Amino acid sequence: MSNSLKKWEDLELKDDFMFAKVMRDPELCQEMLERLLGFKITGIRYLEEQKTIDISYDSRSIRLDVYVEDDRQTVYNVEIQTTSSPELAKRSRYYQGLIDLNLIEKGEPYSKLNTSYVIFICTFDLFGQGRYQYTFENLCRENPKLRLNDQTVKIFFNTSGTIGDLSEEAKAFLRYVGGIPSEDDYVKRLQERISKVHNNQEWRQEYMTLLMRDQENRELGRQEGLKEGCKEGLKEGRKEGRKAGRKEGHQEGIRDEKKRVTVFLLQKGIYSDQDILSVAEISPEELQEIKESIRSK
C-alpha cells in the first residue's frame, strides 16, 4: 500500500486507496485511459475493484487498483507507484502473467486471451531518460519492425517527465498525480471526486482497517511472541485435539496483538478513540486501561 501512515484527510490521488475509489467513477476512469493512451474507448466494465488474483493455494496474490474491460473486451490494469524499485519491470511481467491466467480457464484456447494493457503511473522516472512514458511490446530483436503480436502492452508513465509526444490533457493529469495543481477541467472533476471520497464514512473505515492490517504485518510481525500466537491462530480449526496450553497461548497472543495495535494508534496521535475501538476491536474500558498504563510509564 502506498498510503503508509497517512491520515484519511491527507490522502491524495497518488495514494492507491484513493486512486481506486476515485476511479470507481466510470466517466473519470474512461477519460483517464483515453488521455493516457491517446485513443477513444467505448464503455468500460469493472471486472472487480481492487481485484485480488490468486491463482493457486500457495502462490503470491496481487491486488489490482483498477481492473476494467471495454466494449471490445480489451483489458486495462492501472496501478499507482510511488516508490521506485528495480523490481517494477518484473512486477509488470508478473501482473501480466496472472491476468492472462485469470482470463482463461484451464483447457481453453489461447485465442480467448484478450488484448491487455498493464499501466504503471509512477511519481518518479523509473528509467531515468526524462520521458513522459515508456511503452513496451514484444518485438523481434533481429528485425525490430516485426512484432510478436501477442496483444500485450506494458506502459510506465512518469509524472515528472519532460520528453515525448504526449497530449496537454495527459500531461495535466500526470502533473496533478505528481502534486502540481491545474485548471484543467478533468483535474477539477477529479478534485470534486476526491472530496466526495473523503466524506464517505464507509470508505474511511475501510481505509483505517486496511491501513492497520498492513501496519500490523510490518510492526507486529517482528515480535516473536506475537508471531507464535498468530501462527497458532491460523492453525486453529485445521487440526483437532489442540492442547489446552497451546490454545491459551493463542488467546494470549490475540490479547497482546490488540494491545500492541492500540498502543501504536495512540502513539501516532492522529486517530480518534472511536477509530481505535473499531480497528483494535477492544472495549472502551480496555482502551482506558491501556491509556492509563501508558501514562504511568
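A residue is called buried here when its relative accessible area falls under 20%, and exposed when that value is over 50%, with partly exposed in between. In this predicted model, Cys29 sits well inside the first class: its relative accessible area is 0%, so it counts as buried. Cys122 gets the same label, because its value of 1% is also under 20%. As for disulfides, the structure holds zero of them. For the record, a disulfide is a covalent bond between the sulfur atoms of two cysteines, and the test applied asks for a pair of cysteine sulfur atoms within 2.5 Å.

Now to the charged side chains. The count of salt bridges comes to 11, going by a side-chain nitrogen of Lys or Arg within 4 Å of a carboxyl oxygen of Asp or Glu. Several of the residues involved hang together: Glu31, Arg35, Asp184, Asp185 and Arg189 are linked in a salt-bridge network.

Glu31 is a handy place to enter that network. Its side chain meets that of Arg35 in a salt bridge, at 3.1 Å from N to O. Both partners belong to helix H2 (residues 26–37), and because they are four residues apart there, about one helical turn separates them. Arg35 and Glu31 are both buried, so each has a relative accessible area under 20%.

Glu31 also pairs with Arg189, this time with an N to O distance of 2.6 Å. Here the partners come from two helices: Arg189 lies in helix H5 (residues 185–198) and Glu31 in helix H2, so the salt bridge ties together parts that are 158 residues apart in sequence. Arg189 is partly exposed, at 26% relative accessibility; that value lands between the 20% and 50% cut-offs, which is why the label is neither buried nor exposed.

Arg189 has a further partner in Asp185, with the closest N and O atoms of this salt bridge 3.3 Å apart. This contact stays within helix H5, where Asp185 and Arg189 are four residues apart and therefore separated by about one helical turn.

Elsewhere, charge turns up on the surface. Glu285, Glu286, Glu289 and Glu292 form a negative surface patch. Of these, Glu289 is placed in helix H10 (residues 284–295). Its relative accessibility is 57%, so Glu289 counts as exposed, the cut-off being over 50%. Patch members have over 30% relative accessible area and no salt bridge, so Glu289, as part of the patch, makes no salt bridge.

How values were computed: Residues numbered from 1 in each chain as written. Predicted model: local features only at pLDDT ≥ 70, side-chain atom pairs only at ≥ 80, totals over all residues. Heavy atoms only, no water. Buried < 20%, exposed > 50% of the residue type's maximum accessible area, 1.4 Å probe, protein only. Patch = residues over 30% accessible without salt bridge, like charges linked within 9 Å, V, L, I, M, F, W, Y side chains within 5 Å. Areas by Shrake-Rupley, 256 points an atom, 1.4 Å probe, with all protein chains shown as cover. Lys, Arg positive; Asp, Glu negative; His and termini not counted. Charge placed at Lys NZ, Arg CZ, Asp CG, Glu CD.
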